[in-house]
Amino acid sequence: MMSGEGKAVCVTGASGYIASWLIKLLLQRGYIVKASVRDTNDPKKTEHLLSLDGAKERLHLFKANLLEEGSFDSSFHGCEGVFHTASPTIFSASDPQAEIIDPAVKGTLNVLRSCAKVQSVKRVVVTSSTASVVENGKPLTPDVAVDETWFSDPVYCENLKLWYPLSKTLAEDSAWKFAKENGIDLVTLHPGIVVGPLLQPTLNGSVELILSNINGPQTFPNRVRRFVDVRDVAFAHIQAFEVASANGRYCLVGYVQHMSEVLKILQELYPALSLPQKCEDDKPLVPKYQVSKERARSLGISFTPLEVSLKDTVESLKDKGFL
């Protein structure tokens with residue numbers, strides 16, 4: 001028997017990169033999936049979902065707006081699990097409060113308020129980010145291992161105008177407070193930069209990061225990034241719901257790599273690509289650090305090799321006509 005047979009779950013922000021993979025895996029496991037999108041009439045948001053195996057029988061799309069209180073009430077009825085993935089993944093805005101912070105914070109609270117009203121909901125899994133873990137001014141040096149006891153500092157984020165990390169930090173903070181006050185069984189997942197093949201037809205922020213280093217820049221950023229495969233992240237969501245003992249926060253980072261190393265891997269895989277060879281500054285390369293995999297492994301997650309993720313990302317970018 002498939003693990004989800006006869007069970008209904010809901011996924012918010014269904015057309016997104018992680019959500020699309022999550023829905024694919026949920027349908028494979030036999031779940032009935034209710035999925036929210038902002039516009040059910042936009043084929044770019046829905047066609048790739050409706051074409052998934054099992055979608056005809058068990059996928060139900062509905063329209064919902066994160067900023068509208070109660071817009072999730074009816075769709076959560078009868079659901080045992082809610083996966084809240086919807087949140088703006090934009091890194092700069094003319095009005096960060098309205099464009100990034102409000103949808104993240106108010107949206108998360110609206111989803112949790114709806115969960116609190118619905119008795120069938122057993123557990124809520126929220127897609128957060130390592131952005132709500134590492135942005136606190138602590139040095140990230142080779143002897144450091146970031147783990148789930150780390151929290152980003154809102155004041156630090158605000159001072160440096162790190163609006164996306166600020167939005168994820170405030171949203172997570174509100175979520176834990178609300179869950180404790182209302183007896184909601186909450187699990188939060190904290191992926192790094194998510195890479196791997198795309199199901200949706202549009203380009204998302206994390207894959208664009210890879211693409212922007214391929215499409216002809218002269219230099220690469222002197223930055224270290226945290227990477228994880230989208231399929232591992234989708235699987236982690238299912239484990240966070242299905243494994244009874246799952247609780248608290250889980251960092252999901254397979255590899256911490258300097259951008260120069262990422263480009264080296266891509267060059268070996270694709271010798272014909274013209275990739276930047278020079279660093280953007282003359283400073284020494286920023287050192288790497290660790291992110292603990294212990295809790296992720298306790299959920300039964302093993303990480304896809306970065307070479308595989310990067311190759312599948314590039315093949316997908318070619319297939320979709322971005323490269």
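# Exercises on a predicted model

An open sheet of seven strands runs in the order β3-β2-β1-β4-β5-β7-β11, with parallel pairing. The model is predicted: local features need pLDDT of at least 70, side-chain atom pairs count only at pLDDT 80 or more, and totals for chains, interfaces and linings use all residues. Residues are numbered from 1 along each chain as its sequence is written, and side-chain values use heavy atoms, with hydrogens and water left out.

Helices (H or I, at least four residues) and strands (E, at least two) are DSSP runs, numbered from the N terminus. Two strands pair if DSSP finds at least two bridges between them.

## Exercise 1: the sheet

Task. Find which strands stand at the edges of the sheet, and trace the pairing of β11.

Solution.
- Step 1. Start from the strand order, β3-β2-β1-β4-β5-β7-β11. β3 (59-63) and β11 stand at the edges. Each has a single partner strand, so one side of each lacks a neighbour in the sheet.
- Step 2. Check the twist. Neighbouring strands of this sheet are turned by 20 degrees against each other on average, direction ignored. Axes are lines fitted to C-alpha atoms, for helices over the stretch in contact, and angles run from 0 to 180 degrees between N-to-C directions.
- Step 3. Pair β11 with strand β7 (residues 186-191): the sense is parallel, over five bridges. V187 stands opposite G248 in β11.
- Step 4. Repeat for strand β1 (residues 8-12) and strand β4 (residues 81-84), which pair in the parallel sense over four bridges. C10 has V82 in β4 as its bridge partner.
- Step 5. Test the burial of β11 (residues 248-252). Buried means under 20% relative accessible area, exposed over 50%, partly exposed in between (1.4 Å probe, protein chains only). Five of the five residues of β11 are buried, so the strand is largely enclosed by the rest of the structure.
- Step 6. Add the helices. Helix α2 (residues 43-50) lies across β2 and β3, at about 165 degrees to β3. Helix α7 (residues 163-182) lies across β5 (123-127), β7 and β11, at about 165 degrees to β7.

## Exercise 2: salt bridges

Task. Count the salt bridges in the whole structure, then place three of them.

Solution.
- Step 1. Apply the cut-off: a side-chain nitrogen of Lys or Arg within 4 Å of a carboxyl oxygen of Asp or Glu. The search finds 10 salt bridges.
- Step 2. Take E242 and R29, with closest N and O atoms 3.1 Å apart. E242 is in helix α9 (residues 230-242), and R29 is in the loop between α1 (17-28) and β2 (32-37), 213 residues apart. E242 is partly exposed at 27% relative accessible area, and R29 is partly exposed at 23%.
- Step 3. Take R231 and D312, at 2.8 Å between the closest N and O atoms. R231 lies in helix α9 and D312 in helix α12 (residues 306-319), so the pair ties together parts 81 residues apart in sequence. Shared partners join D229, R231 and D312 into one network of salt bridges.
- Step 4. Take K106 and D102, at 3.7 Å between the closest N and O atoms. Both lie in helix α5 (residues 96-117), four residues apart, about one turn of the helix. K106 is partly exposed at 46%, whereas D102 is buried at 17%.

## Exercise 3: the bend in α5

Task. Compare the span of α5 with its expected value, and locate its bend.

Solution.
- Step 1. The expected span is 1.5 Å times one less than the number of residues. α5 has 22 residues and reaches 30 Å from its first C-alpha to its last, close to the expected 32 Å.
- Step 2. The bend at a residue is the angle between axes fitted to the seven residues ending there and the seven starting there. α5 bends by about 45 degrees at D102, and a proline, P103, follows within four residues.

## Exercise 4: around α8

Task. Decide how far helix α8 (residues 205-214) is covered, and what L266 touches.

Solution.
- Step 1. Seven of the 10 residues of α8 are buried. Among them are V207, L209, I210 and I214.
- Step 2. Contact means heavy atoms within 4.5 Å. The cover over the buried residues of α8 includes α1, β10 (224-229), α10 and α12.
- Step 3. L266 lies in helix α10 (residues 259-269) and is buried at 1% relative accessibility. Neighbours within four places in sequence aside, L266 is in contact with I210, I214, L275, L310 and V314.
- Step 4. L266 and I214 are 52 residues apart in sequence, and 9.0 Å apart in space, C-alpha to C-alpha.
- Step 5. After α8 comes G216, whose phi is positive, near 85 degrees.
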